[in-house]
Amino acid sequence: MTTANEKLQSRLIKHQAELEWLANHTSDRVVELLRKTEPLIIERIAAFIRRNRNPKQYEWKRLEALRAVIRTIRKEGWAAVGKELNELAMQLAIEEAKHWPTELREIMPTQIDVTAPTAATMREIVKSKPIHGRVMAEWVSKMFEDDMVRISTKVQAGMLAGETLDNMMRTLFGSERLEYRDGATTLTQSQLKTVVRTMIHHVASDARAEFVKANAAELGGKERFVATLDSRTTPLCGSLDGKLFPIGEGPQPPLHYNCRSARVFFIDAESQLNRPFKSVVEKDLVEEYAKQNNLGSLSKRNALPYGHKTKFDKFAMKRKRELIGTIPGDTKFTDWFANQSESFQVKALGETRAKLYQLGGLKLDKFQDISGRKLTLAELYAQNKSAFTKAGVKP
């Protein structure tokens with residue numbers, strides 16, 4: 001029998017995986033918003049080179065004017081990124097706040113009484129609560145300025161060195177051969193993806209914490225820190241893994257960039273003893289009790305014979321504790337993932353990577369580097385050729 005607390009833990013792990021899909025999808029989308037500015041930047045640099053053919057004649061003011069043009073173009077891209085992330089954060093916070101009451105009402109055998117934090121509360125948290133020292137708007141501003149320093153430095157150096165336009169563009173934005181991961185803006189994209197992933201987990205964690213705090217009396221008094229939701233665990237999170245903390249106290253993930261640890265809340269069965277069963281659960285329990293006591297086919301408590309209602313209530317109270325359960329044992333993400341359906345694994349990893357996992361024996365921690373960046377298929381092949389051969393996958 002799977003208890004309500006075991007179901008809750010499993011669903012939270014699955015939800016963390018879904019948040020990771022959202023992070024990857026969002027990262028790709030906002031990086032594309034920046035990449036859309038690149039053709040116009042290239043056009044402006046090309047025009048500057050045509051007008052100023054002799055690098056020795058470049059003047060500081062001319063270079064400054066070019067940088068100003070590039071800044072204006074790039075700023076539009078970053079404004080689009082900021083708008084996208086702000087809207088996502090607001091929507092995610094509100095949806096996350098509503099998610100857990102819905103989940104609990106579905107998995108609990110009792111008519112649990114929990115409420116979602118208000119949309120206004122969640123919006124205020126998103127606007128005002130820092131993510132590793134900065135609110136989202138400040139992160140976007142900082143990343144924009146860092147990005148402009150990288151671009152400006154490379155443009156000025158390329159101009160003064162007399163580089164061709166093609167060479168300068170490769171230096172700035174990377175080469176097609178290396179999937180544009182070898183240019184100055186590669187670090188910008190990496191930083192942006194890290195911030196997006198951290199932001200999404202931060203918002204989800206804050207929403208869950210707000211929900212737990214608002215319903216502490218109904219849920220019970222403890223949460224467990226679970227670091228093993230991630231296939232790679234940092235020493236910091238590893239030292240906290242499995243520890244219990246009172247609700248609202250102790251470290252709240254994410255504790256570092258790319259952190260995917262979580263605080264898992266559980267239902268204290270004692271807090272639910274006076275709560276009535278859901279009608280469908282009570283029906284099942286009456287049928288179970290009647291069968292055990294040879295009372296025939298009964299499905300309603302009121303239909304029980306004289307003297308059996310009190311006995312049934314004691315039986316139901318015992319079953320209530322069993323159905324809710326205690327805090328389940330530790331579950332590692334790798335073990336949990338291995339027990340999921342093939343379709344879920346394909347959705348999580350993609351078709352080719354799922355084959356490498358299912359047929360090639362490639363473990364989950366091999367699909368990303370130590371920073372959490374997803375490795376390309378070419379990188380995976382260079383490091384794990386035998387897995388490709390076993391899975392019958394071409395690089």
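Trainee: Which residues does Leu192 touch, not counting residues up to four places away in sequence?

Mentor: This is a predicted model, and contact here means heavy atoms within 4.5 Å. Leaving out residues up to four places away in sequence, the residues that Leu192 touches are Val30, Val31, Leu34, Trp78, Val81, Leu85 and Met143.

Trainee: Which members of the largest nonpolar core touch the most other members?

Mentor: The largest nonpolar core has 47 residues. Leu192 is one of the four members that touch the most others. The four are Ile45, Leu85, Leu192 and Met199.

Trainee: Which helix gives the largest share of this core?

Mentor: Helices H1, H2, H3, H4, H5, H6 and H7 each supply at least two residues of the core. H3 covers residues 60–107. With 14 residues, the largest share comes from H3.

Trainee: How many residues are in the second, separate core?

Mentor: Leu8, Ile107, Val212 and Val264 are among the members of this second core. It is separate, and its residue count is 21.

Trainee: Are the rings of Phe312 and Phe315 stacked, edge-to-face or tilted?

Mentor: The ring centres are 6.1 Å apart, and the planes meet at 40 degrees. Planes under 30 degrees apart count as stacked and over 60 as edge-to-face, with the rest in a third class. An angle of 40 degrees falls in that third class, so the pair is tilted.

Trainee: Where do Phe312 and Phe315 stand relative to each other along helix H11?

Mentor: Helix H11 runs over residues 308–324. Phe312 and Phe315 are 3 residues apart in H11, so their separation is about one helical turn.

Trainee: Is Phe312 buried or exposed?

Mentor: Buried means under 20% relative accessible area. Phe315, at 14%, meets that cut-off. Phe312 has 2% relative accessibility, so Phe312 counts as buried.

Trainee: Which charged residue sits over the ring of Phe277?

Mentor: Another case of a residue over a ring is Arg134, which lies over the face of Trp139 at 4.9 Å from the ring centre. For Phe277, the charged end is 4.8 Å from the ring centre and belongs to Lys320.

Trainee: Which helix supplies the largest share of the lining of the largest cavity?

Mentor: The largest cavity has a volume of about 90 Å³. Its lining includes Ala89, Ile125, Met199, His202 and Asp206. H4 and H7 each supply at least two lining residues. The largest share, 4 residues, comes from H7.

Key. Residues are numbered from 1 along each chain as its sequence is written. This is a predicted model: local features need pLDDT of at least 70, side-chain atom pairs count only at pLDDT 80 or more; totals for chains, interfaces and linings use all residues. Side-chain values use heavy atoms; hydrogens and water are left out. A nonpolar core is a set of buried Ala, Val, Leu, Ile, Met, Phe, Trp, Tyr and Cys residues joined through side-chain atoms within 4.5 Å. Buried means under 20% relative accessible area, exposed over 50%, partly exposed in between (1.4 Å probe, protein chains only). Rings of Phe, Tyr and Trp (its six-membered ring) pair if their centres lie within 6.5 Å; planes under 30 degrees apart count as stacked, over 60 as edge-to-face and the rest as tilted. A charge sits over a ring if NZ of Lys or CZ of Arg is within 6 Å of the ring centre and within 35 degrees of the ring normal. On a 1 Å grid over the protein atoms alone, a cavity is a set of points where a 1.4 Å probe fits but cannot get out, and a pocket is an open set with protein on both sides within 12 Å along at least five of seven lines; lining residues have an atom within 4 Å of a point. Grid points are joined across faces, edges and corners, and a volume is the space filled by probe spheres set on the points.
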